[in-house]
Amino acid sequence: MKKFVYVFMAVVTALLVLNVAMLQAQTPVDQWGSTSQGRNWPILNNASTPAGNGSMGGPNPIPGGSPGWATIRGEFNPLQATTSQAVVVMGKIQLVGATGGGSTYTPLRYALTYHQNDTLNNALTSTASWIRGPSSGYAFMPRSAAGTVSNGAWGSGTMGVIRNGNWNSSNSNGGPALVTILQAPRNAELVPGTYNFAFSVQAVNDTTNEIRWYLIEENNKYWFGGTVTGPASTTQFNGVCFGVNTGGWTQVNLIGVTAALGTPITVPEAPWQAYYVDQWGTTPQGRYFRITNDANTLVGDASIVGTAPINGAGQATVRGGFGQDLPIKTNEALIVSGELELVGTLGAESSYNPLRFALAYHPNDTLRYALTDSARWVRGPGSGYIWCPRTGAGTVANGAWGSGTIGILNNGNWNSTNSNGGPALATILQAPRNAQMIAGTYKWAISVRAVNDTTNEIKWYLIEQSNKYWFGGTITGRAVTNKLNAINFCVNTGDWTRVNVLAAQVDYGAPITVPEAPWQAYYVDQWGTTPQGRYFRITN
């Protein structure tokens, strides 16, 4: 991990140097004052403050709500974005406090803007303030920890348009939101510290701009960045604005902020860190068992429980959401792994598909009543891959998708072969031959890697801890989705009264290695005559 951090920081440093080298003459942003959007902290600039620096601070953090916001804006001479040159603003922001942003609602908002006819009063004093009307440009509202994404009249998102509006309010900035890009690593907190930030805006045509940005904590603890195209609410810029509302900050310092024309910035790749799946609920495909997760449940775990086995009377399902859409990459595999405990007094014997599971993408899914026995997902169909392992001498899953033990989920019902869009991809049977899916604990893992734009490589295994049951394989299949956001489990037949998912984790890396199937000698039990000779009758 340390080696990764050092390499990543070296790459980030190189990119920052490259960004600076590709700019024309950089002008320090040297006019700083509070804005009418929030004046709850004094400005700390005075005659000795270096050009490019701006500060605001107060004796206590702002708790949110009343008394409101603390804001600071730096102005530079207007710069015009064209199709050949971008407006580029960059620098550092230092968040000073005893605690971080936590999961509070958008503790930091900032913007790149154009304000007409603005006037700075009382420059280089504690009451330095801008007097002006509405602004146009782009607003950035990074999420902290597991906080709610900024939402309001503009919609919901972490980045969007300011159109003749209030730069730090999603209810009155004219909008719309353009995109929701979450921070990295997942649920990273806006911690106290120093962050490198940059924006670039380049005109694509008369009505559209390309906007790039990043905000990266200097020790790589927090990353927020992206590239989008959006409406050209303005192509001229003269201000950079910062506001804090909630969070533990008592001071915000802007350091070395410059503005220039040049090539668009390069956004460093988001850092990655494996994490446990923590969003669990039942699905519309089956709520026969209740979910038992609560605030004391270990992250990565989930349980569904019934009073008696289902025995084909319905379906019991549980789904773990990743909390973000994770792309399927070519250079490394998306890996989901954990353990599955099937609790009962007997096994599944030769019943028809007692367990089905899927790795899928569901758009616009919503988890309601999280961490209660009513936790449930509300969503439409999904796309991805589905597994229907066989038990005993049971019939292989079949339906509209064909017949198989692994196949495609294509905008369909993830646990039904009749309505999942299919097709089946392969029939790989369990080992040893006709092994029964017994009560017990199973290790499982799935990896998906893009081979090209149309094909994915899928690897998986489900192995009982004493090697009494094995189901696994490697196949290539159609890339019905380029991202995934959930792992799903379903039981139907079988003797189960409880299903526990344990330590479910998401990661990127080399594709998994599927352990070799166990072997056990067996007696031949399929006998019959052949077309070449039926003079004798068989007595079996």
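**A walk across the sheet**

Start by selecting residues 135-140, which make up strand 9, and then add strand 12: the two run antiparallel and are joined by five bridges. Keep in mind as you go that this is a predicted model.

Next, zoom in on one spot in this pairing. Glycine 137 has isoleucine 162, in strand 12, as its bridge partner. Keep isoleucine 162 selected, then show strand 13 too: there, isoleucine 162 stands opposite glycine 174. Strand 13 covers residues 174-179, and three bridges join it to strand 12, again with the two running antiparallel.

Now select the whole of strand 12, residues 159-165. Is this strand mostly covered or mostly open? It is mostly covered, with five of its seven residues buried. If you show side chains, a general point helps: in a regular strand they alternate between the two faces of the sheet.

Time to zoom out. Strands 9, 12 and 13 belong to an open sheet of seven strands, ordered 2-4-17-6-9-12-13 and paired antiparallel. Which strands stand at the edges? Pick strand 2 (31-33) and strand 13: each has a single partner strand, so one side of each is left without a neighbour in the sheet. Turn the view to follow the twist, which averages 20 degrees from one strand to the next.

For the last stop, select residues 108-114 (strand 6) and residues 236-244 (strand 17). These strands pair in the antiparallel sense over six bridges. Highlight tyrosine 110 and look across to strand 17, where its bridge partner is phenylalanine 242.

Methods: Residues numbered from 1 in each chain as written. Predicted model: local features only at pLDDT ≥ 70, side-chain atom pairs only at ≥ 80, totals over all residues. Heavy atoms only, no water. Buried < 20%, exposed > 50% of the residue type's maximum accessible area, 1.4 Å probe, protein only. Helix = DSSP H or I, 4+ residues; strand = E, 2+ residues; numbered from the N terminus. Pairing = 2+ DSSP bridges. Axes fitted to C-alpha atoms, helices over the stretch in contact; angles between N-to-C directions.
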